[in-house]
Amino acid sequence: MNVPPSKILLRNSLRLLPGLALLLVLGSPAPAAPGHSGDGKDPVRSAVQDTDDAFTATLGQDVAPSAEDPSLFDSLAARAGRRGIQPLGLAAPERSAGGSLKSVTPVSATSSHFFSYGGVPTLLIGVSADNACHFNSSPSSQCGFSTYTSFLNDAHAQGLNKIRLWVSIVGGNGNSTSCLADTSAVGDHPFTYDGSILGPDGLGRWKLDVRNANYFSRLSSVVSYANSLNPPMFVEVTLFSPLTGYVGLGPYSHAHAFLNSGTQLTGFSNTANFTNAASAEYLAMKPYVFNVIHWTVDALATYPNVYYEVANEPESIQPSATNPCGWGASNQTDPATVSAWQAAIAAEVKSYETTTYVNTGVLAANHLVAVEPSTTTGADTFVGSGANATAGSVINSHYTVIRPKTTTNPNISGIGLGAVKMIRQYNVQPKIFGFNETKITGGACGGTNTAGTVDAGRAEAWEFMVNQGGTYDQFGYKCSPTTDYTETRRQMGVLLRFLNNPVNMVTRTRTSDPVSPNWINPQPYKTAQSNGALRYWAALQPAPNAGVRRWLFYVHNSTDRNLVQDGYNAIVTSGGYSATGQGGGQLSVCLGPTAATYKVQYFVPKNAVNASGTPTPFRTDTIVWPGAATCTPGGAGSMLLPGAIATYDYDLAIFIAP
């Protein structure tokens, strides 16, 4: 998307194609990447190492016990009427008559893959384009401070319940005709700006020890409005975006970082140093980085609909680049270093909130914190016995798969993550998984169509959430064609309503083994179809202690978009697919040892429920399950799904319940 610099929303990290960096240095600088890194500038797969399948999925295996702090599950009475958003996976701890904890042993409740709000398991689905509802400089295609009520009202009306807001963008953006910076967004930073003394690039000074009170008032207003909706909308507050824009044009650069006294600060010359807690530049700038944390917590501490994310894409997966006009460098940092920095930021969030608000009785417990790795090397540190396993309750990633560009840095190549890969690889981990940025779905902003289709966006959302994702953000702009924007939001609302009812997926369900599920016999994951599509699927089945038994199977037929930061291409063929099992035969099921009568409902996912949440299957059958102590899907003891399964165009959901 090409939009005027004054309208650029610095939505993601600067992505320079091979060869373009040299052009920028020799010629006029181009604007920093607008709204999204997948905006048509994303290198194709031929330039990357394809390792996205080199892992073992843990779907269907038992989730490990949660080690969350039991204080997160204190009684509502102890919260003095306040409700916070929490991870599941623990039962509320018992208390003695005097109020002390009887036990702090984590006890599995439902699934630690989900949030809880007011004791109710809660799924979050939203729109990640609206990350700057508190900005004055947001383009008209995205939520801004002058329009946030209408944007949030629209999302809420569609049934969505989450937005994401960025706090501190490290870089700035450049003008397309000279080395002068654009000044339209200088007030959309957490620090006070002084434009009375300008540098050679046309920018003034930010005072890194003076809070921008107007900025935090706007941030608080958006969060407050989201909380006032009924039901409330939840807000993922992303503290930093280290790789967005040119570091030399932001408030953290040496040229523009000052104190109120006029003292010039060291600043950052390289984005790699911002996410390296041991670098000399970071150590010098740490107090001002921490100012952002403290001021944000101060502004939002009492809101129950908030959780924090450390940073947006802090791991650079692109080759190192020297920015034009002396505007600093964007270098790679190894994932272990970035992960340690994320853990340190998360620790400071918790420590400051504990000291200032929990210990003083303003809050009963800390807000949750999310981390965001882009590589499996980084993710490994946040789970199990990893060095940073206690850093965050939520683990986010972007795109279906991430394939880092080939590089001379051995710590970066070939270990890409991505949200779909993440949830398949780490499903046994007692964490909430978030897919909080996708490829742009639908719409042309500024004259360039950067979009995947609405169908493809729907498919990744369904696949991720049916694998017990805790939160998902679809990326859709409010721009031409408007129908894509409104349809994307409508379909995400359909997904949320369907998963809440009739599926009720957060209570007593578990994922199904993707290799050999014990209740259904689909083709293997990513099986090639005759038209070149690959068959992807996800499934849920009853947990052993389920009182009401229900099963869900979702399937779509897609290919990769062949990008470094990938998404799906939807291969839509009118009536071209049927939900065949292994070997091309009909699907069959095993529904447990107890005899029962079940309904089998078939859904077109984009219309799985109507606006009021009523299920709208296009076919319903009844099966009388005789009960089978031993059963093999597709084999002995199994039962064919009734009749000839209707054909479908792209994706299909099959729901089985009493």
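In this predicted model, Phe151, Asp154, Ala155 and Ala157 of helix H2 are in contact with Tyr485, Arg489 and Arg497 of helix H10. By residue class, the contact of H2 with H10 comprises four nonpolar, no polar and three charged residues. Helix H2 spans residues 148-157 and helix H10 residues 482-500, and the two pack at an angle of about 45° with their axes 9 Å apart. Because of that angle, H2 counts as oblique to H10.

Turning to the interior, the largest nonpolar core holds 149 residues, and the members that touch the most others are Phe240, Tyr252, Ile345, Phe498, Ile654 and Ile656. Helix H5, residues 280-300, supplies the largest share of this core, with eleven residues. Apart from it lies another core, made up of nine residues and including Phe234, Tyr307, Leu368 and Ile432.

Ile654, one of the members named for the largest core, touches Trp551, Leu552, Phe553, Ala579, Leu587, Val600, Gln601, Tyr602 and Leu641, when residues up to four places away in sequence are not counted.

The chain as a whole contains ten helices and 28 strands, and its overall values are set out below.

| Property of the chain | Value |
|---|---|
| Share of the 658 residues that count as buried | 61% |
| Share of contacts between residues at least 6 apart in sequence that join residues at least 24 apart | 73% |
| Share of the exposed area supplied by carbon and sulfur atoms | 53% |

The exposed area to which the carbon and sulfur share refers is about 22,000 Å².

Terms used: Residues are numbered from 1 along each chain as its sequence is written. This is a predicted model: local features need pLDDT of at least 70, side-chain atom pairs count only at pLDDT 80 or more; totals for chains, interfaces and linings use all residues. Side-chain values use heavy atoms; hydrogens and water are left out. A nonpolar core is a set of buried Ala, Val, Leu, Ile, Met, Phe, Trp, Tyr and Cys residues joined through side-chain atoms within 4.5 Å. Buried means under 20% relative accessible area, exposed over 50%, partly exposed in between (1.4 Å probe, protein chains only). Helices (H or I, at least four residues) and strands (E, at least two) are DSSP runs, numbered from the N terminus. Contact means heavy atoms within 4.5 Å. Accessible areas come from the Shrake-Rupley method with a 1.4 Å probe; for residues, only the protein chains shown count as cover. Axes are lines fitted to C-alpha atoms, for helices over the stretch in contact, and angles run from 0 to 180 degrees between N-to-C directions. Angles under 35 degrees count as roughly parallel, over 145 as roughly antiparallel, 65 to 115 as roughly perpendicular and the rest as oblique. Ala, Val, Leu, Ile, Met, Phe, Trp, Tyr, Cys and Pro count as nonpolar, Asp, Glu, Lys and Arg as charged, and the others, Gly among them, as polar.
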